[in-house]
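Me: I have a structure open and would like to learn how to read its aromatic pairs, its cores and its sheet. Could you take me through them?

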Amino acid sequence: MNYPLEDAYAILERITDGFFAVDNRWNFTYVNTAATRLLFRSREDLVGKNVWIEFPEAVNLPFYEQYNRTVKEQVPVSFDAYFPPLETWYDVRAYPSPNGLTVYFRDITKQKLEEHEKEQHYKSLFHQNPDAVFSFDLEGNYLSVNPAMEHLLGYREEEFLKQSFIPLVSKDDIERTLEHYKIAAQGTTQRYQTKVLHKNGHIVHVDVTNMPIIVNDKVVGVYGVAKDITPRKQAEDALQTKTQQLESLIENNVDAILIFNRQGQVTQANKAFEDLFGWTKQEVVGLGLYELPFIPTEIIGEVEAFESEVNKGNHIIGAETTRLRKDGLSLTVMLNISPIKDSSGNQDGWSVTIRDLTEWKKSQEILQNTEKLSVAGQLAAGIAHEIRNPITAIKGFVQLMRSGYGDREEYFKIMSSEIERIEQILSELLILAKPQVSKFEWIDLKVLLTQLITLLDTQAILNNVEIITEFPPGEIVVPCDENQLKQVFINYIKNAIEAMPAGGKLVIVVSQTNDEYVSVQFRDEGVGMPKEVLAKLGQPFYTTKEKGTGLGYMISKKIIENHFGEVRITSEVNKGTVVDVSLPLRNMQLVNQLNKV
Ligand code: ADP
Ligand code: MG
């Protein structure tokens, strides 16, 4: 179709693209209005002038090369190019014409800038990403890596590029990792965990996402994003180790252990539990506290009390109680119950350890019996020895009385004193066997001692011993068992007299040392005790005397301890001995016993 030239120009004037034509000497022959606007030049200014003289900057830009190609090769070209003097991007299409070249072009600066901005966004998504981001070609060689990737594995970007990822994967994970990579390369995104090697040799646990890079419907490579999960893995491993240790501790514990949840149901039972009670784990796990077959019905109250204690967060330690075995046998057991808290500190059930005390109880009883028997055995010898003399005497007098000789009244007196001696020995021994039923009262120590001294004075005088008392004024009242204290003081006074065969002074000093204690001292001038005697003092039957029992000191000490008091002995050979008894003035435990009477 042939248009008149004017018509053609009219069409060109209406189009919004810029249009110009040049002849074979590169001079403008036509410039449309849109082109004058786009190039900021008037038509008169350009027509007839040389393109490269009017726009010299274009010579070193794609424009020159592309236009020349169009003319030389007689082919249309299209390209985008930036023209710095006008700060403008152009989309250009050039067509060869019989006597030169025609060019259509339009301003695409705005689109270009948007594109560029987008690219920047993607770039920073890649560069600034805290996760390692990288891309591979289809052979698994790195095409790009971001700084986080460099940091993750310790290699620089250039060390990665064109290298395969395979040597960086931990050996035992290579096969699996390759498999995931292949599937991603076939178009399906993969997510998995694997181990990779840092440049310095240590293992890094990573969570990897591989996704296909698709260009024009074809997979051309694989993208990867890797997150370092090493700390999480380590924490998981540590937790797993801890859990395993705990499990083994529970399972292999010699004590039976039950774990209860918040709802009071058994969640765990160990092997020792099965062995001790005869039920299997399966039989008890899931049962509620009150459905458990091993609690005797009569002690449900105790179980309720324990439950409410432990639910308050308290521990129950060493509770002795009974539990039933599957075969019905009743066991004496010791329970330790501890609340279990979850990580936020809330009550999350409790654990119970159950120790069988049956055997322990038995052996404890045997031990106690053995001790009793041995003490009784020891005592038997003493009793025989001590009691034979007065009994022989009584027998003699009985015979004398039968034959009618002598003064019966006199015999009775002597006999009853011998019987008293037997009684005394027996009561001393009874104290040893078990503490006598004690009767505590408020007693004035000064009165008590004065009575004793009257009783013992004769014996003292016979032995050339003078008893001197140093008492403070006023009453000294203590809570005590009068008879037992008398026995103690008789012992010490007798020991003192016996320690002074050639006579001497026994000073008895009562003094109130402080608000809480009163001290009673027996100071003699006797033979004293060497170290080896002091060391043995208190052992039953240890005596240095021909007629001694060796029980007095031991029993006295025991009585004083029952009064919450103390005895201290200081002694020097050939100088004398001081026995210092201190007694509490108002020990609350004693005072309570007083009130009960
Ligand atoms: P016994 O008086 O029957 O020997 P004790 O238990 O009262 O039994 O005393 C044990 C021993 O301690 C005495 O045999 C004696 O050697 C020694 N002893 C006790 N009191 C004194 C004392 N005041 N002076 C010297 N020795 C003493
Ligand atoms: Mg004695």
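Me: Let me begin with one ring in this predicted model. Is Phe 105 buried or exposed?

Reply: Phe 105 has a relative accessible area of 4%, and buried means under 20%, so Phe 105 is buried. Tyr 90 counts as buried too, at 2% relative accessibility.

Me: How many aromatic pairs are there, and how do I describe one of them?

Reply: The count comes to 33 aromatic pairs. A pair of aromatic rings is described by the distance of the centres and the angle of the planes. Take Tyr 90 and Phe 105: their ring centres are 5.6 Å apart and their planes stand at 75°, so this pair is edge-to-face. Because Tyr 90 belongs to strand E4 (residues 88-97) and Phe 105 to strand E5 (residues 100-107), the pair ties together parts that are 15 residues apart in sequence.

Me: Which pair is stacked, then?

Reply: Look at Phe 260 and Trp 350, with 5.0 Å from centre to centre and 15° between the planes. Phe 260 lies in strand E11 (residues 256-260) and Trp 350 in strand E15 (residues 347-356), so here the parts tied together are 90 residues apart in sequence. Both Phe 260 and Trp 350 are buried.

Me: Where do I find a charge over a ring?

Reply: Try Arg 41, which lies over the face of Phe 55, 5.4 Å from the ring centre. Phe 55 is also part of an aromatic cluster whose members include Trp 52, Tyr 90 and Phe 105. Lys 112 is likewise placed over the face of Trp 89, at 4.6 Å from the ring centre.

Me: On to the cores. Which residues have the most contacts inside the largest nonpolar core?

Reply: That core has 41 residues, and Leu 445, Phe 489, Tyr 492, Leu 506, Ile 508 and Phe 522 have the most contacts inside it. A second, separate core of 27 residues includes Ile 295 and Val 310.

Me: And the sheet: what is the strand order?

Reply: Strands of a sheet pair through backbone hydrogen bonds, either parallel or antiparallel. Here an open sheet of 5 strands runs E17-E19-E20-E22-E21, with mixed pairing. Strands E17 (465-470) and E21 (566-572) each have a single partner strand, so one side of each is left without a neighbour in the sheet. The twist averages 15° from one strand to the next.

Me: Which strands does helix H17 lie across?

Reply: Helix H17 (residues 482-498) lies across E17, E19, E20, E21 and E22, at about 30° to E20. Helix H19 (residues 552-562) lies across E21 and E22, at about 140° to E21.

Technical notes: Residues numbered from 1 in each chain as written. Chains lettered and ligands numbered in written order. Predicted model: local features only at pLDDT ≥ 70, side-chain atom pairs only at ≥ 80, totals over all residues. Heavy atoms only, no water. Core = buried A, V, L, I, M, F, W, Y, C linked by side-chain atoms within 4.5 Å. Buried < 20%, exposed > 50% of the residue type's maximum accessible area, 1.4 Å probe, protein only. Phe/Tyr/Trp six-rings, centres within 6.5 Å; stacked < 30°, edge-to-face > 60°. Helix = DSSP H or I, 4+ residues; strand = E, 2+ residues; numbered from the N terminus. Lys NZ or Arg CZ within 6 Å of the ring centre and 35° of its normal. Pairing = 2+ DSSP bridges. Axes fitted to C-alpha atoms, helices over the stretch in contact; angles between N-to-C directions. Contact = heavy atoms within 4.5 Å.
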